Structures are given as structure tokens and as C-alpha cells.
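Colleague: I'd like a close look at one part of this model, the bit where the strands come together, and then a few words on the other parts. Please keep it plain, and say what your terms mean.

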Amino acid sequence: MNERRERCREYQGGGCSSTSGLTAMYHERTTGKRPSTPMQIYQQPPRLLIVHISLPSWADICSNLCEALQNFFSLACSLMGPSRMSLFSLYMVQNQHECILPFVQVKGNFARLQACISELRMLQREGCFRPQGTSLQLAVEDGLQQFKQYSRHVATGTALTYTSLEIYFQITVLTSQPGKEVVKQLEEGLKDTDLVRVRRLQVVEITKGALECMDSASPIEEPSNDESSFLGTDIDLQIIDNDVVSMEIFFKAWLHNSGTDQEHIHLLLPSQSFSNVSRVRDNSMCLKCDLQERLLSPSLLPGTADGSLKMDDPKGDFSTLYQMASQTSASYYKLRVIKALKSSGICESVTYGLPFILRPTSCWQLDWDELETNQQHFHALCHSLLKREWLLLAKGEPLSQGRSLRRAATTFYVIMPSRSLTLLVKAVATRELMLPNSFPLLPENPPDDSLRIVESVLDSLELEPTYNPLQIWSHLYSHLSSTSVKPQGRLHSSWESRALRKTVVSLSKPATLELQP
């Protein structure tokens, strides 16, 4: 019990100041004030991860899970710019439940998270024990109680009432047991528990299946799932393979903006005949879309080759589109389509910046009919562009400039269809940005000797039908891990004294957060 209190007392020293975590989220929601950097589009709810351990399957899962967690947090803790993950807590459920890590700020906290991952590695892998049927339920309730106490502490430190601090968090249960049985167990055990602060309760079943996604560049972005709902909280059941790549992809989804409070982008197409459901005042067809990153910018990671020249710029090379889409909820960033292009009519050399993905919005504030119509129109647009082999050229419409007399520069984008229900968006150069280049025509026939030599070299190369980034690695994880753990004296990890611990917190004697205001 004393050690648990020591852990909970570490809130104050864990980097979660009362103004940087939950309160910052509250401030943005209530005042509507947002920074010029893409803060809001990154902000994710606090997350509680419960590792549900059962023997003997833990021996097969442990090393993969710990490696995936270490890889993920080496990224999440190192990313510059606004924090994508606010708070994180880790519980373990074996024969009893235990809080390995109370809620702490993720950014800049890799050494502490790494110590907790080391503790997971030390857990029993062989033998047997008698799991208590209520251990998982108690872990959820204990984590919920811990979050409520933390919220009260933040509210007290900022002169806010606890009821006005409407912050929700997400619980993920990672298990090797049959997922549907775990869902039923949670439903039964939590039926009398107040889950109003839980935005989402997720059960992730780790299977022993072989990795099937290594031949795909976009592995299982939306895995099969089943949902159950009780007391207003959805229990989402998801299944992932027992391999490092699949687990990494699951955790990396936490870096995406998954909020559905509003759509991000309005894509405007000229129209004279669409129904009123899809019209806006200027008689354009409006598709309401959500924006998603395709990849992380190397410029946001310290010490990478591409990022070394931009260390002083926390935004990195994020395009204007992503920044503008996240600035304000009072108005939406608009992309107005001005013409169509042949698919073969654009050179890759005139596109720049990061690519982004457009999807039909899932904003909960839209009624069902509007959501369905919007998705159908989006589907039709993707289908028609593919059929015609067209791209779209669009310009970004600046947000209201108020009384400013200066005319804002316009950014143009090319929009490309795909075989999925998504569109790819890339910024495209304009006249002002172009530099002169010479592109002499390629002569038809090179010298025979040179042709034989080069073709012989090319024949020696291994030929792949597609580029799969999941099969290429740059040792970035190990680089970030080594640079994130700075010499700060001895780090006392809790696993070192595990043999001395004989008690576990139960809800009959809830843990007390001994926090200094």
C-alpha cells in the first residue's frame, strides 16, 4: 500500500502540471481559443491500458508486446510540437490487479515509461495461478477512481469545479483470453459502476495467428470488431495478431485524431443540380470530410536526417492545410475545386509537403440522414474520378481575415482518388515557387556497351512488385530510445522491489492520492 501511495504521489513530479494536461484540454473546449499550431487536431483523451495476463499464453505475448510498447513510446515521447497524447496509465491484472504506472504525461517521459515496460518483462511467464474473477473489474474501477481523483486535483489547482471539468478518458484491456468472454465479464462486473467519464471501453484480443499484413503497405487499419453497449458506454472488441508490427500499428492509432466533435474540411465542388441536403449558400456541393495523416513527419523527431535542419520549427513541414483545418471550430477550412486534371497530367516534382487522407466525416453532431448522404456522395466522387482517370485541383479558401487589408496567399492542392473510400491530398506548387530547370529529351538509343553494363547491374537487383514500408526500417526506434534516456542518476524502477511487495490495492481500501496543491 505504501508503494502504491508513493506511485500516486508521483503525479506532481511526473510532468503533469495542472495547466498542461487536463486543464489545457478543458480551456480549449470552454473558451474556443486555440493556438496557431495544430493543437486541437492532435489532442487525444487520457488513456488507461490494462494488460490482462493469463498463463501460459503470456510467455508468447510478453516480448512482442513490450517491444511494441517501447517502440511506440520512443515515438510518442519524442515528437515535437503539441502533445498528441496527454496522459497515460498502466495496470496489470494477473492473479490480482496492480497499478504499475499512475496517470503521467507522455511527452518527454520516456525513461519512466521504459521502466514500467521493464517491469512487464519481469512478470511471471511460467507456472500457474488462480486468477480471481473480479480482478479485471477491480482494475477498471480502480483506474476510474484514480482518474476522478486526478481530475479533482486539477480542478482544485485551477479554481474550477470538478463537475465543470468535463474530461473523458479511454480504457483499453489487452488480453489473450477469448475477447467475447472478457466483454461479457466486464458487462456483468461493471453494470453498477458509474462510467460517465469513460469515453470508450475497448477489449483487444491478441491471437496467435501469423502476420498477414506484411505484404500490404496499409495493414489492418480498421480491424474486425464487435461492439456491445451498456450504460451509455460502448465496449469495442478488436482482434490483433501476436506480432510486433500489428501491435505497433494498434498503438500508433492513438496518435491519430479520433475526435468526432466536428468535421475538419469542407470540400466544395461546383454544382447546379444537387439537392438542398448537399448545398451551401454559394450553390456549391459540399462534402464534409475528416483529415488524417498518412505518416509522421521526420522533422518532428529529434536527430533524424530530415529533421536536423528544422529543429527550431516545432511545426516541421506540416502543410498549411493541416494547420488551418485545426485552428478554429467557429468556421471550417474549405477546399474549393476549380478544375479537373488528367491523372497523367501532373508531375510529382511539383508536389510538396506531407500527403494527407480525406475521409467522409463521422461527426456525431450531424444527423444520420446527412451523414449517409454525405458518405454516398463521397463514394460517388471517388468512383467517378477513378472511372474518368481524373484528379482534382483545389484551392484553400482562407478563413475570415477580419478587417485586415492584406490579402492572404492561397495554397493549392491536388486531390487523387484511390481504390478505398479515401482521397489523397497533396500541396502543389504555384508560379511563385517554381525555379527554372532544364529537362533535355532522352535520346532513344544509348551506347551498346553502356547499355549492357547498366542492364547487367539492374538484373542483379531484387525486384518487388510494390514498396512496403513495413519491411523497411531505419533503426529510428533504437536511436530515439537512446537519445530519450538521458543520464539523470539512478532510476528506481518498481520491479526491483517486486519481491518485497505482497499487497495489492483493492477497492475496499481505495488508494489515496496524496497530492500537494
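Modeller: I'll begin with how the model is read, go on to the strands you asked about, and then turn to some other parts.

This is a predicted model, so local features need pLDDT of at least 70 and side-chain atom pairs count only at pLDDT 80 or more, while totals for chains, interfaces and linings use all residues. Residues are numbered from 1 along each chain as its sequence is written, and side-chain values use heavy atoms, with hydrogens and water left out.

Overall, the protein chain has eleven helices and 14 strands; these are DSSP runs numbered from the N terminus, with helices being H or I of at least four residues and strands being E of at least two.

Now your part. Seven strands close into a barrel, in the order 8-9-11-14-13-12-10, with mixed pairing. Two strands count as paired if DSSP finds at least two bridges between them. From one strand to the next, the twist averages 40°; angles run from 0 to 180 degrees between N-to-C directions, and axes are lines fitted to C-alpha atoms, for helices over the stretch in contact.

Take one pair from that barrel: strand 8 (residues 265-270) and strand 9 (residues 284-293) run antiparallel and are joined by six bridges. Leucine 267, for instance, has leucine 287 in strand 9 as its bridge partner. Helix 9 (residues 368-388) packs on this sheet and touches strands 8, 9, 10 (333-342), 11 (351-360), 12 (390-397), 13 (412-417) and 14 (423-428), where contact means heavy atoms within 4.5 Å. The direction of helix 9 makes about 85° with that of strand 9.

Arginine 388 belongs to helix 9. With a relative accessible area of 48%, arginine 388 is partly exposed: buried means under 20%, exposed over 50%, and partly exposed in between (1.4 Å probe, protein chains only). C-alpha to C-alpha, arginine 388 is 8.3 Å from lysine 342, although the two are 46 residues apart in sequence.

Past strand 9, serine 297 sits in the loop between that strand and helix 8 (320-325). Serine 297 is buried, at 0% relative accessible area. Its side chain makes a polar contact of 2.6 Å with that of serine 299; such a contact is a pair of N or O atoms within 3.5 Å, and within protein one must be able to donate a hydrogen and the other to accept it, with residues adjacent in sequence counting only if both atoms are side-chain atoms.

Elsewhere, strand 4 (residues 169-175) pairs with strand 5 in the parallel sense over seven bridges. Strand 5 (residues 198-207) is mostly covered, as seven of its ten residues are buried. Across the chain, buried residues make up 46% of the 517.

Leucine 90, in strand 2 (residues 87-93), is buried too, at 4% relative accessibility. Leaving out residues up to four places away in sequence, leucine 90 touches residues including Leu48, Val51, Ile100, Cys116 and Leu120. Leu120 also turns up in helix 4, among the residues that meet helix 3. The axes of helix 3 (residues 58-76) and helix 4 (residues 110-121) come within 10 Å and cross at roughly 175°. That makes the two helices roughly antiparallel.

Note on methods: Angles under 35 degrees count as roughly parallel, over 145 as roughly antiparallel, 65 to 115 as roughly perpendicular and the rest as oblique.
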